[in-house]
Amino acid sequence: MKRVFRTALLMSLGLLTPQLQAQQSAAPTAARVAAPDPKMTKFINDLMQKMTLEEKIGQLNMITVGFDVTGPVVSKDVDASIRRGAVGSVLNTFTPKAARKLQEMAVKETRLHIPLIFGYDVIHGHRTIFPIALGLASSWDLTAIERSARIAAEEASADGINWVYSPMVDIARDPRWGRISEGSGEDPYLGSQIARVMVRGYQGDDLMKNNTVMACVKHFALYGAAEAGRDYNTTDMSLVRMYNEYLPPYKAAVDAGAGSMMSSFNDINGVPATGNKWLMTELLRNQWGFDGFVATDYTAINEMTAHGMGDDAQVSALALNAGIDQDMVGEIFLKNLAQNLKDGTVKQEQIDLACRRILEAKWKLGLFKDPYLYTNEKRAKNTIMKKEFIADARDISRKSMVLLKNSNNTLPLKKSGTIALIGPLATRQRDMIGSWSGAGDWKQAVSLEQGMKDAVGNSVKIVTAKVPTSPTTSR
């Protein structure tokens, strides 16, 4: 890491000559990529020799199906796309029954029987909901935070999911940014520690076990530093600040063995992250030794057109050349890569490499061994929202509470007299499970008003006053 930082500093000062750059590139780095499993390598080599160009590109395509739509595009002709091998993974489908239906289609009705990955937003719990990520960070309790991720993995994997878009490790210091609640705050050290334990909680010690899921670290990179707190905006930052303050949590997640990363929407010093080869290849893979796959955020390749990076064909080539492996929902790769190859704007080996990374993820998840590993309805019934999980969620919630000031020993409240609850959260069940609560069922939550009534009975008069609120939603 010291050598990497020195290189970055020299670059930022304009002092890295071609000779020095060559020396830096040749010098040993801290990054060490583990030797691949020879059985996995042989299996994927054999499989890829049978694959057509269209089938390889299909592995790079993610579609959205199911009950929850978190973006502006809904995939069409899903069944036909799966059957012709044009789909590598599925977003927003869960439950063992729903996942198994699509998995059977991929395994039984396609030419090469390649299974699907099922991804979903599991941010602070799946069915059993924990405090929002910022609340978890407020506990400073790494054991509790890891436990929350472990429970989320138990439930998600029992519910048909094997890939979760968490942890979100963006350092955020601008209160105008609407996604602060999804991350761990402003401190790179705490954020790094949380990133590490969250990855460990999700992935466990063996991704092939049926109670683990692959983590997807997001959003790479610097998303929390977008100017004016606006999503998709530019991020203008020195390398010194970048390496010292914003990159450490991503690096910690990579070092913890995270299986995948998600690109961010913002640009970095004029180049969108999704098309930024320095970020995705030079930094992530060459300097840090990341050997997983990189997925985009929702239609992030398409969004590069709005950044002025070109038409669909141009941004398709830009993303693949940068090091992107999978296109979330936008279908830019699906519609353009074959023509890109003919035009010479991408190379066959780049398509092959991206395809290989997706297939390796499926191998590591045990899907080639058992495509239905995550679709056992009996296991789902016995696992989801177990009493011990709910008890753990209650305990972790207690640890996350922060009392800023207790003037005149106001707390604990007396169980007598009148208590006024003022604000938008007073009576709202839905808000009790927080933002990005995914598959959580807000109808099972208890509002603050109802909880207090349950605690004090008729001995206290509780009055409420609401104020308007404007909730925001973003992936």
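**Exercise 1. Strand S1 and its neighbours**

Which residue in S11 is the bridge partner of methionine 62? Work out, too, which strands are joined to S1 and how its side chains point.

*Solution.* The model is a predicted one, in which local features need pLDDT of at least 70, side-chain atom pairs count only at pLDDT 80 or more, and totals for chains, interfaces and linings use all residues. Residues are numbered from 1 along each chain as its sequence is written, and side-chain values use heavy atoms, with hydrogens and water left out.

Step 1. Helices (H or I, at least four residues) and strands (E, at least two) are DSSP runs numbered from the N terminus, and two strands pair if DSSP finds at least two bridges between them. Strand S1 (residues 61–64) is joined by two bridges to strand S11 (residues 327–328), and these two strands run parallel. The partner of methionine 62 in S11 is methionine 328.

Step 2. Three bridges, again in a parallel arrangement, join S1 to strand S2 (residues 89–91), where valine 90 is the bridge partner of isoleucine 63.

Step 3. Asn61 and Ile63 point one way from S1, whereas Met62 and Thr64 point the other way, and all are buried; buried means under 20% relative accessible area, exposed over 50%, and partly exposed in between (1.4 Å probe, protein chains only).

**Exercise 2. Two serines in one helix**

Describe the surroundings of serine 148 and serine 157.

*Solution.* Step 1. Serine 148 is part of helix H8 (residues 142–158), and serine 157 is found in H8 as well.

Step 2. Serine 148 counts as buried because its relative accessibility is 3%, and serine 157 is buried because its relative accessible area is 0%.

Step 3. For polar contacts, the criterion is a pair of N or O atoms within 3.5 Å; within protein, one must be able to donate a hydrogen and the other to accept it, and residues adjacent in sequence count only if both atoms are side-chain atoms. A polar atom of the serine 148 side chain lies 2.6 Å from the backbone oxygen of isoleucine 145, while the side chain of serine 157 makes a polar contact of 2.8 Å with the side chain of arginine 379.

Step 4. With contact meaning heavy atoms within 4.5 Å, and residues up to four places away in sequence not counted, serine 148 touches Phe130, Leu136, Met198 and Ile396. On the same footing, the residues touched by serine 157 include Asn210, Tyr374 and Arg379.

**Exercise 3. Salt bridges between buried residues**

Trace which residues are linked in a network of salt bridges, and which parts the pairs tie together.

*Solution.* Step 1. A salt bridge is a side-chain nitrogen of Lys or Arg within 4 Å of a carboxyl oxygen of Asp or Glu, and by this rule the count comes to 27.

Step 2. Aspartate 121 forms a salt bridge with lysine 218, their closest N and O atoms being 3.5 Å apart. Aspartate 121 lies in the loop between strand S3 (117–120) and helix H7 (133–139), and lysine 218 in strand S5 (residues 214–220), so the pair ties together parts that are 97 residues apart in sequence. Both aspartate 121 and lysine 218 are buried.

Step 3. Arginine 179 and glutamate 182 meet in a salt bridge of 2.7 Å, N to O, and both are buried. The network links Asp121, Arg179, Glu182 and Lys218.

Step 4. In another pair, arginine 357 forms a salt bridge with aspartate 325, with the closest N and O atoms 3.0 Å apart. Arginine 357 lies in helix H16 and aspartate 325 in the loop between H14 and S11, so this pair ties together parts that are 32 residues apart in sequence.

**Exercise 4. Helix H14 from start to end**

Follow helix H14 (residues 312–322) and state which of its residues are buried.

*Solution.* Step 1. At the start of H14, a side-chain oxygen of aspartate 311 reaches to within 3.2 Å of the backbone nitrogen of alanine 313.

Step 2. Val315, Ser316, Ala317, Ala319, Leu320 and Ala322 are buried, and what covers the buried residues of H14 includes helix H12 (277–287), helix H13 (300–303), helix H15 (332–343) and helix H16 (348–364).

Step 3. After H14 comes glycine 323, whose phi is positive, near 125°.
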